[in-house]
Amino acid sequence: MPDLERWGNAQVKAFVYGRGHRNILTEEETRGQFDDLGEFKEYVAGKVQERRAEPQDDMISFLCDVTYEALGRKLTDLEVNGIVYAMVIGGLETTQYAIAEQAQILCEHPELFARLKENPDDIRQFTEEAMRLRAPTQGLSTRMTKHDEVFQGVEVPAGSLLHLRYAAANVDPEEFECPYDFDMSRKAVTRHMTFSQGPRVCPGATISRLEQTIAWQRLLERVDSMAYGEGNTFLHQPGIMLGTLSLDLTFTKSA
Ligand code: HEM
């Protein structure tokens with residue numbers, strides 16, 4: 001896990017720790033980043049070899065076995081490596097940020113903490129409403145418009161590049177009543193845009209939802225309360241994601 005954390009951080013290093021609009025890293029930072037990414041590539045290459053020789057019930061074995069339909073062939077080692085890379089960059093930071101934002105909501109609403117501890121079945125609604133209001137992916141992918149379009153009175157010609165702001169859609173008052181209220185009783189609480197929609201929808205949405213639910217189930221079983229610690233600056237990374245650089249929490253252990 002510590003290795004995975006280091007490699008995951010290396011993938012997003014420029015976005016989180018880079019300076020200025022172009023996210024510039026120092027030469028030394030860039031060298032460190034490339035060393036970490038090189039290690040990660042070697043690690044995955046080793047796993048791919050292992051799984052090709054002896055498949056198991058896991059994602060890398062599946063990727064080694066699956067046929068790339070458009071080309072009618074299996075994936076190369078490098079392609080499997082690329083997908084694993086995308087899964088780490090797509091899955092690690094996002095889910096961490098989701099849980100970190102949820103922790104802050106619970107620190108600010110101790111009554112909600114007590115409610116979830118009492119009724120763990122509500123955790124799923126809690127994580128969904130939290131993802132709507134505090135989307136880790138504030139904005140992400142780009143799309144090119146195929147034809148002229150008008151978005152809320154703004155004319156956008158065909159061929160425009162759009163940067164999608166999922167977090168803005170999540171607080172659209174035409175879609176969500178009192179959009180800035182945290183309300184777990186909303187109908188269709190999963191109807192937010194945090195994982196995007198359509199053919200490019202996040203392929204990790206289901207596992208991330210599961211991870212978030214399990215994280216809170218386990219934690220709530222073990223602690224009676226949670227509060228902010230002393231050292232919080234609440235600095236967030238400057239990029240397209242909503243994520244604290246660090247979060248200091250204290251817990252009271254359950255009897
Ligand atoms: C709270 C957690 C997560 C959030 C908020 C999130 C959000 C997103 C969003 C908004 C996209 C862009 C979709 C688009 O372009 O329309 C995306 C793509 C992607 N996500 Fe996630 N994601 C999360 C967790 C995960 C996990 C756990 C994985 C993998 C295990 C993952 C893997 C990916 C990959 C590989 C893509 C690229 C898909 C493509 O371009 O076709 N994500 N995610």
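Helix 3 covers residues 27–53, and its length checks out nicely in this predicted model. At 1.5 Å a residue, its 27 residues should span 39 Å, and the C-alpha atoms at its two ends are 39 Å apart, so the expected and modelled spans agree. From there, we can look at how helix 3 packs and then turn to the ligand.

**Helix 3 and its neighbours**

- The buried residues of helix 3 are Gln 33, Asp 36, Leu 37, Phe 40, Val 44, Val 48 and Arg 51.
- Those buried residues pack against four helices: helix 1 (2–11), helix 2 (13–17), helix 4 (59–65) and helix 5.

**The shell around the ligand**

- Helix 5 (77–108), one of the packing partners of helix 3, also supplies at least two residues of the ligand shell, as does helix 9 (205–222).
- Helix 5 gives the most to this shell, with six residues.
- In total, 21 residues surround the ligand.
- Sorted by class, the shell holds eight nonpolar, eleven polar and two charged residues.

**Closest approaches to the ligand**

- Which residues come nearest to the ligand? They are Ser 141, Arg 143, Ser 196, Arg 200 and Cys 202.
- Ser 141 places a polar side-chain atom 2.5 Å from an oxygen atom of the ligand.
- Arg 143 likewise has a polar side-chain atom 2.5 Å from a ligand oxygen atom.
- For Arg 200, an N or O atom of the side chain lies 2.6 Å from an oxygen atom of the ligand.

Terms used
Residues are numbered from 1 along each chain as its sequence is written. This is a predicted model: local features need pLDDT of at least 70, side-chain atom pairs count only at pLDDT 80 or more; totals for chains, interfaces and linings use all residues. Side-chain values use heavy atoms; hydrogens and water are left out. A residue is near a molecule or strand if one of its heavy atoms lies within 4 Å of it. A polar contact is a pair of N or O atoms within 3.5 Å; within protein, one must be able to donate a hydrogen and the other to accept it, and residues adjacent in sequence count only if both atoms are side-chain atoms. Ala, Val, Leu, Ile, Met, Phe, Trp, Tyr, Cys and Pro count as nonpolar, Asp, Glu, Lys and Arg as charged, and the others, Gly among them, as polar. The expected span of a helix is 1.5 Å times one less than its number of residues. Buried means under 20% relative accessible area, exposed over 50%, partly exposed in between (1.4 Å probe, protein chains only). Contact means heavy atoms within 4.5 Å.
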